[in-house]
Amino acid sequence: LTWADVTIPPAGNTVDLVADGAIAAGKPCIIKSNGKAAQIGEQLNARNSPNQTSTQNVTAHSGERHCHIVYDPNNDYAVLLVSESGADLDVQCLNISNVHYNVTGTTGSRSTIVNDSDEISACWDSTNNKIVVAYKDTNDNGKGKIIIGTFSSASSTTWTSSTTFDSDTSENIQITYDPAGEKFLISYRTTAGGSTWRGACRVMTLDSSGNISIGTRHQYNGTSNSLWARTTNISSNLFAIQYGDGGNSWYPTVKTATISGTNISFGNAAILSSNAVSGHGYGGDMDISYDTENQKLIGAFIRQNDSTTVWARVGSLSGTSISWDAAEVRVTTGGEPVEHIRVAYDPGGKKTWMWYIRDEGAANDVLFAGELHYKSSATNKLEYDNHGSYNTNPNDLDQMGDVTFQGTRGKALIPVNNSSDTSSSYIYSHVVADVSTNLTTHNPIGFAPSAINDGATGTINCDGNTVTTS
């Protein structure tokens, strides 16, 4: 269906159309070239390659090892969280430009919210507008803990006391939020119940009053070792977990995790490759993301027997089962080792990207980025060209935190540590989608008297429309 197939009646009449994106009550609407109605506003058009607009040194402390950004899209607030190699967990608010929305420096003072921390992970709770941080307490037998933060302003945050999510030693921690199900999945590994590092997950909920509820531990790989689990939210109460399976030659493996209340059930193991994952780099050896537009999983990893390349594969879901659409494919070039990868889907530009650090010699670890996007017509269903290097200073990068997208700004924020500069932290701002308006001279049709959900059919009151099919 295109707009050539849709007859728009003259002003004073109505037409029923499917909404392309949610439409609020009373808002002016257009008809798109796919024959659907959309609310007039800005739209994001994915780029073919990122455009780096700034690089900012935002900390100058020694020994920084893990770094994460949490971003509040409603207010353009951002905070950096860093741990200093088993020491303090510090927070530093970041200044976001109100013109280009780059990180231009810091605002407010740096403060310590936890002593003796490691293995941190963080995410934004878009329901309750909270900063949620999971970490390993190195001063309390390695217990896994949670702490909740709130933006008081652009330059300050307040924090609760910690809550323990696991009393046994916890590491390789990642916390991921499901906004539709309003639940968190905490993935980690623990030696509880044996000598092997067993992969585990727990469900966490957070209410509007700040009360935390933690579910029981569920092991996704039995009694076998697990390595560097990475998770992604697929839909309400459904996640995917990618990990190195120590019970099967360390092959990179993916399972679904379905949440019911605080219980978790896991799907069958979908082996991503019969080549072992490399097993170094503080969780940077693999990553997974879900493309909601095309309903595809994209898993990537570094091979143990070839650390110079990243390999990736596209997967489809049938219920809770995963099947791979095509063979694994090499998605990077060059002969230097790759040390850290991050794969992330931008819901604004509707495209998947990959960032990675390549070791190009002594004190010369360089940030690269490019597409890692599903494309039905491409070889092995992946579009992975237009990769390029993006930093000239600093040039000795170490670890990379999770990539954060800035809502409707078309920007991605990438936090990294720099080894040669006392392990301080830098923030890269990359444009991944260009912002434009969806209004043209020939596509307005009228107003929506009532709200219409994305994908639902609703009524539009025609009001002097000027639709043409030219």
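**Reading a predicted model: core, strands, cysteines and rings**

Student: Which of the 18 residues in the largest nonpolar core touch the most other members?

Tutor: In soluble globular proteins, nonpolar side chains tend to be buried together. Here Ala300, Val310, Val331, Ile341, Met354, Leu372 and Leu382 touch the most other members of the 18-residue core. A nonpolar core is a set of buried Ala, Val, Leu, Ile, Met, Phe, Trp, Tyr and Cys residues joined through side-chain atoms within 4.5 Å. Buried means under 20% relative accessible area, exposed over 50%, and partly exposed in between (1.4 Å probe, protein chains only). This is a predicted model, in which local features need pLDDT of at least 70 and side-chain atom pairs count only at pLDDT 80 or more, while totals for chains, interfaces and linings use all residues. Residues are numbered from 1 along each chain as its sequence is written, and side-chain values use heavy atoms, with hydrogens and water left out.

Student: Which strands each supply at least two residues of this core?

Tutor: They are strand 25 (296–303), strand 26 (306–318), strand 29 (338–346), strand 30 (351–359) and strand 31 (365–371). Strands (E, at least two residues) are DSSP runs, numbered from the N terminus. For one core member, Met354, the contacts (heavy atoms within 4.5 Å) beyond four places in sequence include Val310, Val331, Phe368, Leu372 and His387.

Student: Is strand 15 mostly covered or exposed, and which way do its residues point?

Tutor: In a regular strand the side chains alternate between the two faces of the sheet. In strand 15 (residues 183–190), Lys183, Leu185, Ser187 and Arg189 point one way, and Phe184, Ile186, Tyr188 and Thr190 point the other way. The strand is mostly covered, with 8 of its 8 residues buried.

Student: Which strands are joined to strand 15 by bridges?

Tutor: Two strands pair if DSSP finds at least two bridges between them. Strand 14 (residues 163–178) is joined to strand 15 by 7 bridges and runs antiparallel to it, with Tyr177 opposite Phe184. Strand 16 (residues 198–206) is also antiparallel to strand 15, again through 7 bridges, and Phe184 stands opposite Met204 there. The hairpin of strands 14 and 15 has 4 residues between the strands, and Glu182 takes a positive phi near 55° in this hairpin.

Student: What is the strand order in the open sheet of 5 strands?

Tutor: The order is 1-40-39-2-3, with antiparallel pairing. Strand 1 (14–18) and strand 3 (37–39) each have a single partner strand, so one side of each is left without a neighbour in the sheet. Strand 1 is joined to strand 40 (residues 457–462) by 5 bridges, and Leu17 stands opposite Gly458.

Student: How many disulfides are there?

Tutor: A disulfide is a covalent bond between the sulfur atoms of two cysteines. With a cut-off of 2.5 Å between the sulfur atoms, the count is 0. The sulfur of Cys29 is 10 Å from the closest cysteine sulfur, in Cys462, too far for a bond. Cys29 is buried at 1% relative accessible area, and Cys462 is buried at 5%.

Student: How many aromatic pairs does the whole structure hold?

Tutor: A pair of aromatic rings is described by the distance of the centres and the angle of the planes. Rings of Phe, Tyr and Trp (its six-membered ring) pair if their centres lie within 6.5 Å, and planes under 30 degrees apart count as stacked, over 60 as edge-to-face and the rest as tilted. The search finds 8 pairs. Trp124 and Phe151 form a tilted one, at 6.0 Å and 50°. Trp124 is in strand 10 (residues 117–125) and Phe151 in strand 12 (residues 143–153), and both residues are buried. Ring pairs link these two with Tyr77 into a cluster.
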